[in-house]
Amino acid sequence: MQQNGVRTGYFLSISLLLSSILYFFASNWPLMVREQKIGVSVAILVLFYLLSYGLRSIKRHTFLSNWLLVAGSLAFGISVALLGQIYNSHADSYMLFVVWLIPNLLFAIFTRYQPFYVISYVLAHLAIYFFLHPSVIHVAREDEWWFMIFWLIALGNMVLFWLTTTGRLHSKPIYYLSFLTFSVSLFWSSFADVYGPFPELLYVLTGGILFVTFLKWVPSRGLLIVTASLLSLFVLVKFISYMVRYYSEGFFVLMLLLTVLIIWGAVAGINWLRKESAYQKSKWVVFFQEAFTVLVTTIAASIGTISIAGLLFLIIQDEVVIDFLFFLSLIGFIGPVVFMSRMNATVRYTLLTMGYMLGVGSVLFLEGAYWIVFLLVLLYVWKAVPAIPARLLTQLTFLVVLATKLDEYLPSFESVLLIIFATQLAMHYVKQLPVVCKTARWCTPYFRF
């Protein structure tokens with residue numbers, strides 16, 4: 001513990017030193033002549049490298065030598081930027097990161113120190129980004145070009161991911177960073193308006209293969225969550241775009257059926273995971289199950305809520321639809337969650353979220369005491385459903401409605417904050433509120449209704 005405290009002190013000292021150097025340049029730059037600027041820049045760079053070399057022989061401070069070497073690589077980037085400004089080279093931004101990348105990449109190859117891997121990875125992608133978005137001129141490129149670039153970036157990161165997976169490159173940070181960048185690049189490639197539906201189908205096919213791979217063939221819950229999250233976000237974004245394009249009763253009916261299929265698939269997937277997992281009581285299994293439940297709940301509830309509201313507005317075409325949505329949220333969605341205790345957890349979370357979305361969306365446009373009734377219902381649900389996720393969702397909905405409505409009636413925002421503080425303080429001291437911060441395993445008993 002004491003050694004960790006000493007290392008933390010060294011780390012903070014180096015961070016403060018770099019911050020002071022940046023502040024020194026920012027405050028004194030106009031007052032210095034060119035020779036002074038160059039001399040100070042080079043002196044700082046040499047200082048870090050000499051200190052790192054000098055501490056290399058002291059075994060107890062090997063970590064400090066490594067940290068100073070990393071600080072020197074960061075100072076090198078600062079020096080390159082300063083020299084470019086001194087000589088007014090007008091070089092584009094990507095050239096700075098390319099020059100900065102070269103020594104960091106060499107350090108990574110020869111030292112195999114993990115921070116150099118990460119710095120090199122970040123600098124390489126920054127160079128690519130500024131090459132694609134030059135700061136000197138504006139370049140307009142076709143969608144086909146962007147589709148190709150996204151896939152080239154994805155394939156490059158897939159190679160890095162394969163190297164780290166097979167052990168040819170030993171770097172856990174690159175393992176996760178390369179997969180995240182690979183997934184995000186594929187995600188953006190699906191929105192390229194080229195070749196008809198091919199980019200979308202290609203992304204869905206690739207994402208589906210990755211999902212099955214990390215679920216069954218090569219289990220990895222972290223990578224599975226990333227894949228499932230981006231696939232879910234893709235479904236939600238495409239739903240909104242198709243809704244704008246095909247706004248009709250038939251479209252919303254199909255989306256309601258899709259919502260049912262998503263919930264059914266989520267329930268089947270979670271049951272399969274619980275059945276197949278050899279470590280059902282593992283905290284990672286529990287975490288994945290709950291994270292997957294929240295993800296599916298959010299996507300399904302968003303699609304279902306928008307579909308129901310859009311369908312009713314198209315059918316009724318009158319202001320009374322808002323009143324109908326309010327009572328539908330209470331009777332059709334929130335009510336079953338409270339009074340049907342044996343319902344599947346995924347279904348209940350989805351119904352509760354849909355009820356809150358419909359309730360908030362309608363009560364904010366209704367006049368009168370509807371919002372007070374809705375707040376009273378939320379308080380009852382908060383007390384009747386002890387699951388922590390349900391209480392957090394209920395409390396968030398309560399705060400949104402309360403803050404919005406109080407802002408309409410009270411003259412000052414300070415009064416709104418005071419009332420919100422009083423209500424939260426009262427909810428905090430309710431005796432039935434479970435204690436959630438005593439152990440690291442607090443969530444397991446409460447995530448289930």
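Visitor: Between which two helices does the loop with tyrosine 195 lie?
Guide: Helices here are DSSP runs (H or I, at least four residues), numbered from the N terminus. Tyrosine 195 sits in a loop, and α7 covers 172-189. The loop runs between α7 and α8.

Visitor: What kind of model is this?
Guide: Residues are numbered from 1 along each chain as its sequence is written, and side-chain values use heavy atoms, leaving out hydrogens and water. Local features need pLDDT of at least 70, side-chain atom pairs count only at pLDDT 80 or more, totals for chains, interfaces and linings use all residues, and the model is predicted.

Visitor: Is tyrosine 195 buried or exposed?
Guide: Buried means under 20% relative accessible area, exposed over 50%, and partly exposed in between (1.4 Å probe, protein chains only). Tyrosine 195 has 52%, so this residue counts as exposed.

Visitor: What is the phi of tyrosine 195?
Guide: Tyrosine 195 is not a glycine. Even so, its phi is positive, at about 55 degrees.

Visitor: Which residue in the loop between α4 and α5 has a positive phi?
Guide: That loop leads to α5 (114-132). The residue is not a glycine, and its phi is about 55 degrees. With 59% relative accessibility, it counts as exposed. It is arginine 112.

Visitor: What is the area of the nonpolar surface patch that includes Val99?
Guide: Patches join nonpolar side chains (Val, Leu, Ile, Met, Phe, Trp, Tyr) within 5 Å and like charges within 9 Å, from residues with over 30% relative accessible area and no salt bridge. Valine 99 is in helix α4 (residues 93-111), and its 33% makes it partly exposed. Met95, Val98, Ile102, Leu105, Leu106, Ile109 and Phe110 join Val99 in the patch. The patch covers about 710 Å².

Visitor: How many salt bridges are there?
Guide: A salt bridge puts a side-chain nitrogen of Lys or Arg within 4 Å of a carboxyl oxygen of Asp or Glu. By this rule, the count is two.

Visitor: Which residue forms a salt bridge with glutamate 200?
Guide: The N to O distance is 2.7 Å. The pair links distant parts of the chain, 38 residues apart: glutamate 200 is in helix α8, and its partner is in helix α9 (residues 221-245). The partner is buried because its relative accessibility is 12%. It is lysine 238.

Visitor: What is the N to O distance between lysine 405 and glutamate 408?
Guide: Both residues lie in helix α15 (residues 388-409), three residues apart, about one turn of the helix. Lysine 405 is buried at 2%, while glutamate 408 is partly exposed at 49%. Their side chains meet in a salt bridge at 3.8 Å.

Visitor: Are α12 and α13 roughly parallel or antiparallel?
Guide: Angles under 35 degrees count as roughly parallel, over 145 as roughly antiparallel, 65 to 115 as roughly perpendicular, and the rest as oblique. Helix α12 (residues 320-339) packs on helix α13 (residues 345-363) at about 155 degrees, with axes 8 Å apart. The pair is therefore roughly antiparallel.

Visitor: How far apart in space are the C-alpha atoms of asparagine 66 and tyrosine 53?
Guide: Asparagine 66 belongs to helix α3 (residues 62-86). Its relative accessible area is 16%, so asparagine 66 is buried. In sequence, the two residues are 13 residues apart. In space, their C-alpha separation is 9.2 Å.

Key
Accessible areas come from the Shrake-Rupley method with a 1.4 Å probe; for residues, only the protein chains shown count as cover. Axes are lines fitted to C-alpha atoms, for helices over the stretch in contact, and angles run from 0 to 180 degrees between N-to-C directions.
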